[in-house]
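Reader: I have a structure open in front of me and would like to learn how to read it. Could you take me through it step by step?

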Amino acid sequence: FPSHDTYSDVIVVMTGNGSIKVLAYPNPSNGQFSIVLPSGLGNTDVRLERMSGELVQQWTNNSATKIQVSNLSKGFYLLRGKVQSTGESFIERVVVQ
């Protein structure tokens with residue numbers, strides 16, 4: 001980050017693009033993210049990608065999971081998900097410090 005900018009700590013971020021609200025915390029993180037999806041979604045295919053679109057991790061989730069990021073380079077990543085039963089999707093930006 002440029003040295004003239006200042007940033008505050010973000011403890012919890014709840015976002016989503018539409019009706020799906022995703023909880024990703026702590027964000028930023030330097031070791032592990034906890035990802036919580038709303039109950040009742042069913043199986044959701046989730047991908048962690050570099051900003052370039054390169055796949056880093058992929059899994060199927062139905063509520064909550066923890067993602068190890070201590071082995072990743074510092075930077076911005078995208079958390080993408082798609083609900084298997086409805087096709088609804090979400091995108092969340094996460095930061096690895």
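**Reading the strands**

Author: Let's start with one pair: strand β4 (residues 44-50) and strand β7 (residues 75-83) run antiparallel and are joined by 7 bridges. Within this pair, R50 stands opposite Y77 in β7. Keep in mind that this is a predicted model, where local features need pLDDT of at least 70, side-chain atom pairs count only at pLDDT 80 or more, and totals for chains, interfaces and linings use all residues. Residues are numbered from 1 along each chain as its sequence is written, and side-chain values use heavy atoms, with hydrogens and water left out.

Reader: What counts as a strand, and when do two strands pair?

Author: Strands (E, at least two residues) and helices (H or I, at least four) are DSSP runs, numbered from the N terminus. Two strands pair if DSSP finds at least two bridges between them. In general, strands of a sheet pair through backbone hydrogen bonds, either parallel or antiparallel. Here the protein has 0 helices and 8 strands.

Reader: In which order do the strands of the open sheet lie?

Author: The order is β5-β4-β7-β8, with antiparallel pairing. Because β5 (55-61) and β8 (89-96) stand at the edges with a single partner strand each, one side of each is left without a neighbour in the sheet. On average, neighbouring strands of this sheet are turned by 20° against each other, direction ignored; the axes behind such angles are lines fitted to C-alpha atoms, and angles run from 0 to 180 degrees between N-to-C directions.

Reader: How many bridges do β4 and β5 share?

Author: β4 and β5 pair over 6 bridges, in the antiparallel sense. D45 stands opposite T60 in β5. The hairpin of these two strands has 4 residues between them, and G53 takes a positive phi near 100° there.

Reader: Now a loop, please. Is S29 buried or exposed?

Author: Buried means under 20% relative accessible area, exposed over 50%, and partly exposed in between (1.4 Å probe, protein chains only). S29, in the loop between β2 (22-25) and β3 (32-36), is at 3% relative accessibility and so counts as buried.

Reader: What does S29 touch beyond its neighbours within four places in sequence?

Author: Contact means heavy atoms within 4.5 Å. By that rule, S29 is in contact with V69, V95, V96 and Q97. Closer along the chain, the side chain of S29 reaches the backbone oxygen of Q32 at 2.9 Å, and a polar atom of that side chain lies 3.2 Å from the backbone nitrogen of G31.

Terms used. A polar contact is a pair of N or O atoms within 3.5 Å; within protein, one must be able to donate a hydrogen and the other to accept it, and residues adjacent in sequence count only if both atoms are side-chain atoms.
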